[in-house]
Amino acid sequence: MTASDASTSHGHPPKIPRTKDELLRLYRQMLRIRRFEELAARAYTQGKISGFLHLYIGQEAIAVATKEVMEPGDRVVTTYRDHGFALALGSDPKACMAELFGKKTGLVGGKGGSMHFFDRKVGLWGGYAIVGGHVPVAAGHAFASKYLGDGAVTFCFMGEGALPIGATHEGFLLAGLWKLPVVFVIENNQYAMGTPLARTSPVDDLTVRGPVYRFVTDRLVVRDVFEVREHLARAARRAREQSQPCLLELVTYRFRGHSMSDPAKYRTKEEVERWKAQDPVHRHERELMEDFGVTEEALEALDDEVVAEMQAAVDFADASPLPDPEERFQHMYVEDPSAHPELGPFDRTDIPALTVRSFDPKG
Amino acid sequence: MAILQIREALRAALDEEMARDPRVFLMGEEVGHYDGAYKVSQGLLAKYGEMRVVDTPICEAGFAGVGIGAAMAGLRPVVEFMTFNFSLVAFDQLINNAAKLHHLSNGQFTLPIVFRGPNGAAHMLSSTHSQAFDALLSHPPGFKVVSIATPYDAKGLLKSAIRDPNPVVFFESEVMYGVKGEVPDEEYLIPIGQADVKRPGSDVTVITWGQGLPVALRAAELCAEDGIDCEVVDVRTLRPLDEKTIFDSVRKTHRAVVVAHEWPTCGFSGHIATRIQEEILDELDAPVLRETYEDVNMPYAENLEKLVIPSAERAREAILRVAYHRI
Amino acid sequence: MAKVITLPRLSDTMQEGVVARWLVSEGDKVKRGQVIAEIETDKATMEFESFEGGIVLALVAPEGETLHVGAPIAVFGKAGEDPQEALAAFESAGGAASDAASPSAPAPDAHGPSPEAATQAEAGGPPTQAPGGEAGETPTDRRIPASPLARKRAREYGLDLRAIPGSGPKGRVIVADVEAARAKGPVAQAAAPAATAGRFVDRPDTRIPLSQMRKAIARRMAESFRDIPHFYLSATIRMDRAAALRAEINAAHGAKVVSFNDLVLLAVARALEEHPRVNRSFAGDAIVEHGNIHVGVAVALDDGLVVPVVRYANQKRLTEIAAEVRDLGERARTRKLAPEEMTGSTITVSNLGMFGIDHFSAVINPGEGAILAVGAIRDVAVPDGAGGFTAAKEMTVTLACDHRAMDGADGAKFLATLRNLLEHPAAMLA
């Protein structure tokens, strides 16, 4: 995928039918992520956030569409660019912002920061900061689903930058070998930090890696949240109903640098502008006005509401206390097993068999 | 009371725990159809089936990660490394994931998982297959680390490791799987974090674990001929370390030697020596000495390997030195 | 630059010493080879010939202070040079500039400021000087090597580490040394309360610093009694013929040329020839059977004792032995023995007969397998075989043996031969 592909279609009229309410709902979710990220960036420049801060601006449609296809018990495992998933899945923006601020009230009590959001109750099973290291872990979640027969699907997101590393392929291999209920999604934002895909991959279509692991593969340029939702839903259905692992490549773009400290000099202004022209947030905004007659004033009012919600998150984070000193030792080891239901008694005996292939010399 | 080999004691522990809790499963290279590279898991596939005795391809990062992910999702994996030398390619999984995720998720996820397999030099396997990870895997907080040297300890501690709600690194030894010893017929557990005085004595405390134990016991016998009465403390668990037992013994003998099958530089033996001097310096009548591998990669040749690994004779010299006994 | 003169290592066991007397003064001009001081070692007081010449700029070591080998004792140089400069340079070089000290001497340990000094002060050890080595620092302020436990025990017992000889590596005081020191009894008890006023004269205890010799004796005797399983064999010997022979020889020379003890020494040497098992010592992993017979002679001094050695005693004539013992004894009393004259004995003879002691047991000199304790010659009445009594001379000897190196029968056979030789002494003159 090259950047020029982005300008091939504007998607009018939309391929996927939609209602105004549905569009407004998804648009609002995407806007929430964008405003959260913008306010986080501002707080970073004010010195309220430190460390690495990777923004999701430009890729919001993916997280929002994922939430649309998830069922209770499903899991999302993602990278260090994880704020969007937390917000889309339903994490409290206050706790998210407080985590960025390193506060006691943060999602993980100030232990993880931007790169390590975990929110089990909404299905966010982690933001992982070692590239590719979470792929086998996601396969492990899916292994447990198969073992326990819980019907859950694990969605594992990675950047295209995770494709070169071995752990990714070892995770793929085991998921394919054991036919695990997992959807691997490559969020191809075209730059691994500052390195464009063409300099790390011999092919542009990253899904060609799928068939060697017997994955069902699929590929889409992200312009329309409804399209993303449809492709994700197909993959999720295969994983859930047939325990068929899938590999989905979503070509997208981040409008900010890799992290706050990245001036993104490795790409041209023209390229950024070209992708901005089909930024799903702006496209859906135009769509709301042009196709559904939503007024500019109404959209401004909606934006004000979203900004107010996110500003409240900033205010909350600002006002929150720092973690207590003794909290640094908390949760090094399990302190109270009874506080963790998964450690409690287990009396099921209906463990299914694991699918094992037999070798066919003819291939 | 049955006489079992260490491999049989480990197998009994796996069998009992798999029967007790259907969430427990064994995963690793050759654990199933091959019956285990060192026959620890012999017969378990036939009894528990392929979902619970899982043969994996050669992909340590992959299956260690799958184990971690499965543990987070409620299972109780026992991941076997054919040797801990192969765990090196899974160190990101072990250290960045297994040892961190409970803390990093602020307690939201638990990781009841055991990583077990042989550690340390075996016999003439050369440098890539003769490494000791005692210090490497005890260094990052987050793991519990166990090292066994007798069938009794092997069974009681593996059962505790499997039931532990935390990630446990469980060190065994290729050359000790055939070591025999008494194992009670009735069920028992040995708590993680309890050292065991394998030989009581009054003159010098010899602290050891794993493959060091037979060396330490032999050295104690040699020293008895010199009139030095050694107390051999098998720590059994490196993390959390039972410092009380060590300190109590050193308070009695005022002298300590650590015998360890590991390298000396930044080794766990050094950690023990440090803790003794930090806490009970005034009890020491001599510096804490160590008998470890020589600080060199393990050569293949038998005579060279013998020189590198700890010997009872060298341990004896260290013991006599701290006892100010003339050699 | 001026040269720092350090305390020389004058014997192979010397770790510390004392400048007993300076024979030069500041400002004197000294030539190479000139005797500049008398140094008291663990064995003897020896003259110290300077390796350096020049003007004596400073005498750093006060007389009577105990110093480690390699410690600076004086500074020589040209007139007008600053001795402090040379001392500072010496300290900063870690004491390595010493050319008088042997390389194996623990010189670097003994010198100058060390980070341990603070620790020691904290631990309640002997007072230490602040780092920097300023003028005024006295040699005794330097750190005493001691194990932490030894420090703690010494503190608990109220013992001064400086007064405890260290038996560990590099003279480290270990807990066994502290316990041994304590077993020797209180050295610094508080004065008794004045309840006895009036009737009794109350005199305070005196604390006597250990001389080098006293320290060596303490260390070696404690080591011997601790490590060597002693057993004792006594025999009573008729000395009538020996007395007659001695009288005859002395009459012939017109002087007291030969003593009873000389006869005993000769008899011991000859008996050892027949019983090499008694000329053995225990060496940890082996028993050493000594090829030569070197007999040590214990010589009492005012402040201890020394054991000069009669070498190849079995190959010497009685008068040779007698002359040698007299010479050694005199030089021992004036502390003029060379260290090598006091090493290498394979057995020792200790005689307290001149003090009227009937019999006693002695402590084996480490490195040897036996020691013979000789009592006084007594006039006794013995049965004459005809129902009456007759006057006789008897002497009781007690042989202490290292049971690790020999057994009772070995010592008994040796004593039987010894008795036979002394009861028929003329044979030894053949």
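The exercises below, each with a worked solution, concern a predicted model.

**Exercise 1. The sheet in chain B**

Give the strand order of the five-stranded open sheet in chain B, and identify its edge strands.

Solution.
- Step 1. Reading across the sheet, the strands of chain B follow the order 9-11-10-13-14, and their pairing is mixed.
- Step 2. Strand 9 (196-199) and strand 14 (289-291) of chain B each pair on one side only, which makes them the edge strands.
- Step 3. On average, neighbouring strands of this sheet are turned by 30° against each other, with direction ignored.

**Exercise 2. One strand pair in detail**

In which sense do strand 10 and strand 13 of chain B pair, and over how many bridges? Which residue stands opposite Val206(B)?

Solution.
- Step 1. Strands of a sheet can pair in a parallel or an antiparallel manner, through backbone hydrogen bonds.
- Step 2. For strand 10 (residues 204-208) and strand 13 (residues 256-259) of chain B, the sense is parallel, and there are four bridges.
- Step 3. Opposite Val206(B) stands Val257(B), a residue of strand 13 of chain B.

**Exercise 3. The nonpolar cores**

Find the residues that touch the most other members of the largest nonpolar core, and list the contacts of Ile319(B).

Solution.
- Step 1. The largest nonpolar core has 226 residues, and Val183(A), Val206(B) and Ile319(B) touch the most other members.
- Step 2. Helix 5 (residues 134-148) of chain A supplies the largest share of this core, nine residues.
- Step 3. Leaving out residues up to four places away in sequence, Ile319(B) touches Val204(B), Val206(B), Ala219(B), Cys223(B), Ile228(B), Cys230(B) and Val257(B).
- Step 4. Val206(B) and Val257(B), the opposed residues of Exercise 2, are thus both among the contacts of Ile319(B).
- Step 5. Another core, of 85 residues, lies apart from the largest one; its members include Ala71(C), Val264(C), Val295(C) and Leu318(C).

**Exercise 4. Two interfaces of chain B**

Describe the sides of chain A and chain C that touch chain B, by element and by residue class.

Solution.
- Step 1. The contact between chains A and B takes 45 residues from chain A and 41 residues from chain B.
- Step 2. Strand 2 (124-127), helix 5 and helix 6 (166-177) of chain A are the elements that give two or more residues to the side of chain A. Helix 5 gives the most, with 11 residues.
- Step 3. By class, this side of chain A has 27 nonpolar, 13 polar and five charged residues.
- Step 4. Between chains C and B, 10 residues of chain C are in contact with 10 residues of chain B.
- Step 5. Helix 4 (residues 148-157) of chain C gives the most to the side of chain C, with four residues.
- Step 6. The classes on this side of chain C are five nonpolar, four polar and one charged.

Methods:
Residues are numbered from 1 along each chain as its sequence is written. Chains are lettered from A and ligands numbered from 1 in the order in which they are written. This is a predicted model: local features need pLDDT of at least 70, side-chain atom pairs count only at pLDDT 80 or more; totals for chains, interfaces and linings use all residues. Two strands pair if DSSP finds at least two bridges between them. Axes are lines fitted to C-alpha atoms, for helices over the stretch in contact, and angles run from 0 to 180 degrees between N-to-C directions. Two residues are in contact if their C-beta atoms, placed from the backbone, lie within 7 Å. Ala, Val, Leu, Ile, Met, Phe, Trp, Tyr, Cys and Pro count as nonpolar, Asp, Glu, Lys and Arg as charged, and the others, Gly among them, as polar. A nonpolar core is a set of buried Ala, Val, Leu, Ile, Met, Phe, Trp, Tyr and Cys residues joined through C-beta atoms within 7 Å. A residue is buried if 20 or more other C-beta atoms lie within 10 Å of its own, exposed if 12 or fewer, and partly exposed in between; C-beta atoms are placed from the backbone.
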